Amino acid sequence: MSQEQPTLIGARVPKLDAPLKATGSATYGHDVRLPGMLHGRILYSEYPHARVLRVDTARAQALPGVKCVLTAADAPDTRFGYGRDNVPFKNQVVRSLRDEVAGVVAVDPETAEEALRLIEVEYEPLTPVFSPEEALAEGTPLLHPDRGSNLFQTYHYEHGDPQAGERESDVLLEAEYQLPYVSHACLETSVVVAHFDPHGRLTLWSTTQIPFLLQRDLAEALGMDGSQIRIIQTAIGGAFGRGLDIYPFEPIAALMARKAGRPVRLAFTRAEDSIAAPARQPARVRVRAGARRDGRLTFRDVSAVLDIGPYVSWGAVTPLVMMETTASLYKVPHVRFHTDCVYTNNPVTGAMRGYGNPQSTFFIETMMDRLAEAVGMDPVEFRLLNANEPDTVTPQGLVITSCGLKECLQAVAARADRAAGESAAGWGQGTPVSPARDPFHGAPPSRRRRGIGFAATLNVGGGARIYRSDGCGATVKVDDFGHVTLVTGATEIGQGSETVLAQIVAETLGVSLDDVSVENSDTDVKPWDVGVHASRTTFIAGNAACIAARQARDQIFETAAEMLEVKPEELIARQGKVMVRDDPERSIPISKAVRRRHFRQGGRIVIGEGWYDPPTRLVDKATYKGNISAAYGFGAQMAEVEVDLDTGIVRVLRLVCANDVGRAINPMAVEGQIEGGAQMGLGYALTEELLVQEGRVLNPTFADYRLFTAADMPRIETIIVETDDPGGPFGAKGVGEMGGTPTAAAIANAIYDAVGLRLTTLPMTPERVLAALDTHQPKDGE
């Protein structure tokens, strides 16, 4: 068997940590228990905007079981976070109901909670600002007076000549969109455990996605040297972007442990997680777009306003991705994109899975359907005519290597054609439900309509250079018994990266998957990595692991060549052995070669190291042009829906998802990522909205925040399109975010196909559908 014939690449392998999680043996953040551990709680502001006049902690401090109480006086006056506008405790002005005013450390959570009620805080209410429009109005109070404006940042991008594009257009359409707050809704709420050893070194058990950046940011926030901070990542019960920045509760936990002199656990309740953890920022968007009669796109013009809340997190950078979708999904000769990120006294926002792409894909892909109809083209044919192609560079500067967008569109269209063939009535134009095909109760079949809709997506698939480095390190060690240990900087957050990286290493070294273990949780042990985001781990950490494994293999081959009396280049590794390529019977176990290598005078161990930083650059801040990723993934979805005309309920009957992943290292894991993303996309489309009124979250628990459950999920069909990317490990690209980005648009387009409604506000709840039906009520049989 030749070295070029993989055996583990493309294998359907269960996740390595599945047994631990299935048996309850995995240690999550909430499971961490240390000797003498205490419990912390945080007192939040009573007002969305106020001056703090006095904080009296005497009664709380006197409560039996309370070890210490903290205020701003116990914290360094150091700003931290992406916007350098946050501090652990607020001692002058509070800017949201999440703002931390004081903290309590006690022997148990109940005592700490009771002590919070004993803290007296005197406020002077200030005028709050609850909308971006109000925040930008003349004379409005400034949330950060030192900045001189409530406008944090403006993004402006152009290519071509949008005005010329308008003149070239035979059809020109315009629409406005309103997009909501969305909660990450991780099953595991935010938690951290902090402990200082006798030498003053801090260890933090955390569910962060950026351990090395958190190490740096904590050092700044606490006034410590980064070498004195160790981050240990526990098993993570959901992340989805929540852990992509430092937030006040993390330095607060460290300050609590320092003052108490004992380990401190700080764990959020469900309601607290919805209020204090970041959310996907809401947006108001205006889109103008045009096309020629022959179906060619002419221009796009997008203006958006984002409510980022009172402090800046990485959520304020989502316009970079919204801009990418606007400028580079399909071939568009003229584009303008403008976004304002605005401070308000509403909840804090941050990064969330898709990082702006679910929002931009929704408004771009629903507009694509409208344009197709306006020029009289089939929506899939319209997309195929304008689709991106491999080995091209977009006007924005995205270097597209592999590209399976057309194949994805054709694949989902084929499933739609099959569905049409199964229905005597056909699809589209608001097909009434046949009683024979009616799986639901409620309104009579004649009062329900079915339709199908399509949407496509573009996403980074080879990292995203938003930091100076987008790299990842890895080491691969092979021991005397042939066991392989991969130490990777990459973070496992439930996406299955440990398994995929182990497959890459095992395939490269020619050993079984059982012979590989993965270490990735401790900053004292693992090499540097920028973090887990931007669908980057398979591509970037996979390349690093592959480099390290090849280096280890070369060392083994060097020694095995001496033993077998051949040249190293004549060897291959398979089935735990090193064998001669043209004479496989001449072989030795890898373990024997490893022992021979170091059990001798001047011996050496087998250890390979790899570092991979993709050949990309930071975008030019003046033009926002440049190649941010080493590869790009593409996908398409087809949604089949049923709309109840009497209740407004939209049921998704089937969702077909096709994704260009380069090469599926583990098809089972790819399917899991797509299905998990689709679940979040379904919620974004139909049910999920963090309701905020005057800065207060009205639905902070799962009783009122409506998630798609297993019982709600439609049938999902996944189609893996392989395009073999030249830069990816074994041709692979990232897929972590694409599963949910086109879902809302596909469903919206299917609703239009069913009942003729163009919905532009998410989620598309029964109330909103009914309100729209009041102005356009389909007749029976229409």
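**Reading local features, one at a time**

Biologist: Pro763 is found in the loop between α17 (743-755) and α18 (766-775). What is omega for the peptide bond from Leu762 to Pro763?

Modeller: Bear in mind that this is a predicted model. Here the peptide bond that leads from Leu762 into Pro763 has omega near -5°, and the bond is cis.

Biologist: Which sign does phi have at Phe240, positive or negative, and where does Phe240 lie?

Modeller: Phe240 is not a glycine, yet its phi is positive, at about 60°. The residue belongs to the loop between β12 (229-233) and α7 (249-260).

Biologist: What is phi at Tyr330, and is Tyr330 buried or exposed?

Modeller: Buried is the word for a residue under 20% relative accessible area, and exposed for one over 50%, with partly exposed in between. Tyr330, in the loop between α9 (319-328) and β17 (334-343), has a positive phi of about 80° although it is not a glycine. Its relative accessibility is 2%, so Tyr330 counts as buried. Phe240, with a relative accessible area of 28%, is partly exposed.

Biologist: Turning to Ser96, where is it found, and which residues is it in contact with beyond its neighbours within four places in sequence?

Modeller: Ser96 is placed in the loop between β4 (93-94) and β5 (100-106), and because its relative accessible area is 1%, Ser96 is buried. Once neighbours within four places in sequence are left aside, the residues in contact with Ser96 are Ser45, Tyr47, Pro48, Pro310, Asn345 and Asn346.

Biologist: What lies 3.1 Å from a polar atom of the side chain of Ser96?

Modeller: That partner is the backbone nitrogen of Arg98, and the distance falls within the 3.5 Å used for a polar contact.

Biologist: How should I read the packing of two helices, and at what angle do the axes of α10 and α11 cross?

Modeller: The general idea is that a crossing angle of 65 to 115 degrees counts as roughly perpendicular. The axes of helix α10 (residues 357-374) and helix α11 (residues 379-386) come within 9 Å and cross at roughly 105°, which means that α10 is roughly perpendicular to α11.

Biologist: Which residues of α10 and α11 meet, and how do they divide into nonpolar, polar and charged?

Modeller: On the α10 side, Glu365, Met368, Asp369, Leu371 and Ala372 take part, and they meet Pro379, Phe382 and Arg383 of α11. The residues of this contact divide into 5 nonpolar and 3 charged, with no polar ones.

Notes:
Residues are numbered from 1 along each chain as its sequence is written. This is a predicted model: local features need pLDDT of at least 70, side-chain atom pairs count only at pLDDT 80 or more; totals for chains, interfaces and linings use all residues. Side-chain values use heavy atoms; hydrogens and water are left out. Helices (H or I, at least four residues) and strands (E, at least two) are DSSP runs, numbered from the N terminus. Buried means under 20% relative accessible area, exposed over 50%, partly exposed in between (1.4 Å probe, protein chains only). A polar contact is a pair of N or O atoms within 3.5 Å; within protein, one must be able to donate a hydrogen and the other to accept it, and residues adjacent in sequence count only if both atoms are side-chain atoms. Contact means heavy atoms within 4.5 Å. Axes are lines fitted to C-alpha atoms, for helices over the stretch in contact, and angles run from 0 to 180 degrees between N-to-C directions. Angles under 35 degrees count as roughly parallel, over 145 as roughly antiparallel, 65 to 115 as roughly perpendicular and the rest as oblique. Ala, Val, Leu, Ile, Met, Phe, Trp, Tyr, Cys and Pro count as nonpolar, Asp, Glu, Lys and Arg as charged, and the others, Gly among them, as polar.
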